[in-house]
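Here is a short report on one protein chain. Please keep the sequence and the 3D view open while reading.

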Amino acid sequence: MKASAFNYARASSVDDALDLLALHGDQAKVLSGGQSLMPALNLRLSAPSLLVDIGAIAELRGVSVTNSVLKIGALTRHVDVQKSPDIAKHAPLLTEAIAHVAHPAIRNRGTIGGSLAHADPASELPACVIALGASIVVRGKDSERRIPAADFFTGIYETLLSPEELLVAVEVPVATPNSVHFFHEYARRKGDYAIVGLAASGVLERDVLSDLRLGFFAVGDKPMLAGASKHLIGKPVTASMLTDAQATLDEELDPQEDLQASASMRRYLARQLLEQCVVTLLGRPDLETRKLA
């Protein structure tokens, strides 16, 4: 199939883009890297009357660190996230996760802002930003707001971003010296959509996790910050505590069933990922019950 007819405008600045969005509202779609939008247009899953191309807005690109906050511009490409020494130092979870995003051709064009605004529940980056406690910076014509990543995603391809707003950056607290992270996903082939995945960020003090944020993806209609972490924080983890955490996780999950996996398979894999995460972060192979590749 081919996309339905639309008009095209190339924004020269953020203000220019916001003017166009204010004028056309929900009839406009923002084009950044286009790696998700173009297939949706060609399949006629999306049929805007106007495409607002923001790809030439230089101020939306780049990585900076100021006052213990790592700021990543919305138009920063996946490949630039992967290669950034600042991100590797201050948010290594993103460096590790980005290698799992699709294939090199897509990482060379796709952008972090585009991925977050698209809000695919099987995407790696939305889960990463909720695990990192990041803020999504959103700008409208007369205001700018910072939305906690855990609140930003509201459903399948849905966010708190209004049609008149533009996602301009992501702000991540810089990692502390005792920060730890974990990332793993199960997919049928490298580059395929994840069947189940987990992005986690925590703080390890000696052999105790004083903080742990578990961002699961491909287990529901949006990335999930799991409350199961409450069983694993504040004291040395035992096998019983891990079992309680897995039981709580199972109650939280509402996974979909599709051609890739049944709901029960996703539940099982999510429990295994939680175990693998805890074993890895604590260096505790004694907690492991079964090893999956």
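The text below covers salt bridges, strands and the main pocket.

**Salt bridges**

The model is predicted. Across the whole structure, a search finds 13 salt bridges. Three of them are set out here.

| Salt bridge | Closest N to O distance |
|---|---|
| R189 and D192 | 3.1 Å |
| R271 and D250 | 2.9 Å |
| D258 and R266 | 3.1 Å |

How exposed are the partners? Take R189 and D192, whose side chains meet in a salt bridge. R189 has 58% relative accessibility and counts as exposed, because the cut-off for exposed is over 50%. D192 has 19% relative accessibility and counts as buried, because buried means under 20%.

R271 and D250 form another salt bridge through their side chains. This pair links distant parts of the chain. R271 sits in helix α11 (residues 263-282). D250 sits in helix α10 (residues 239-252). The two residues are 21 residues apart. R271 is partly exposed, at 24% relative accessible area. D250 is partly exposed as well, at 27% relative accessibility.

D258 pairs with R266, with the closest N and O atoms 3.1 Å apart. R266 is buried, at 1% relative accessibility. D258 is partly exposed, at 35%.

Some salt bridges share partners. Through them, E59, R139, E144, R146 and E171 are joined into one network.

**A further look at D258**

Where does D258 lie? D258 belongs to the loop between α10 and α11. D258 also has a C-alpha to C-alpha distance of 9.7 Å to I195. In sequence, D258 and I195 are 63 residues apart.

**Strands β12, β13 and β14**

Strand β13 covers residues 208-217. Is strand β13 largely enclosed or left open by the rest of the structure? Seven of its ten residues are buried, so β13 is largely enclosed by the rest of the structure.

β13 pairs with strand β12 (residues 196-205) in the antiparallel sense. Nine bridges join β12 and β13. In one bridge, V203 has D211 of β13 as its partner. β12 and β13 form a hairpin with two residues between them. In that turn, R206 has a positive phi of about 60°.

β13 also pairs with strand β14 (residues 224-225). This pairing is antiparallel and runs over two bridges. F216 has M224 of β14 as its bridge partner. β13 and β14 make a hairpin too, with six residues between the strands. A218 in this hairpin takes a positive phi near 65°.

**The five-stranded sheet**

What is the strand order in the open sheet of five strands? The order is β4-β5-β10-β6-β7, with antiparallel pairing. β4 (63-66) and β7 (144-148) stand at the edges. Each has a single partner strand, so one side of each is left without a neighbour in the sheet. On average, neighbouring strands of this sheet are turned by 25° against each other, direction ignored.

Within the sheet, strand β5 (residues 69-73) runs antiparallel to β10. Five bridges join β5 to β10. L70 has V172 of β10 as its bridge partner.

**The largest pocket**

The largest pocket holds about 1400 Å³ of space. How many residues line the largest pocket? The lining has 48 residues. S36, L37, G114, A117 and H118 lie nearest the centre of the pocket.

Several elements give two or more residues to this lining: β2 (28-31), α2 (37-42), α7 (112-118), β9 (158-159) and β10 (166-173). Which element gives the largest share of the lining? Helix α7 does, with five residues. β10, a strand of the five-stranded sheet, is among the contributing elements.

By class, the lining has 23 nonpolar residues. The lining also has 18 polar and seven charged residues.

**In brief**

R266 is buried, while its salt-bridge partner D258 is partly exposed. β13 pairs with β12 over nine bridges and with β14 over two. β10 pairs with β5 over five bridges and gives two or more residues to the lining of the largest pocket.

How values were computed. Residues are numbered from 1 along each chain as its sequence is written. This is a predicted model: local features need pLDDT of at least 70, side-chain atom pairs count only at pLDDT 80 or more; totals for chains, interfaces and linings use all residues. Side-chain values use heavy atoms; hydrogens and water are left out. A salt bridge is a side-chain nitrogen of Lys or Arg within 4 Å of a carboxyl oxygen of Asp or Glu. Buried means under 20% relative accessible area, exposed over 50%, partly exposed in between (1.4 Å probe, protein chains only). Helices (H or I, at least four residues) and strands (E, at least two) are DSSP runs, numbered from the N terminus. On a 1 Å grid over the protein atoms alone, a cavity is a set of points where a 1.4 Å probe fits but cannot get out, and a pocket is an open set with protein on both sides within 12 Å along at least five of seven lines; lining residues have an atom within 4 Å of a point. Grid points are joined across faces, edges and corners, and a volume is the space filled by probe spheres set on the points. Ala, Val, Leu, Ile, Met, Phe, Trp, Tyr, Cys and Pro count as nonpolar, Asp, Glu, Lys and Arg as charged, and the others, Gly among them, as polar. Two strands pair if DSSP finds at least two bridges between them. Axes are lines fitted to C-alpha atoms, for helices over the stretch in contact, and angles run from 0 to 180 degrees between N-to-C directions.
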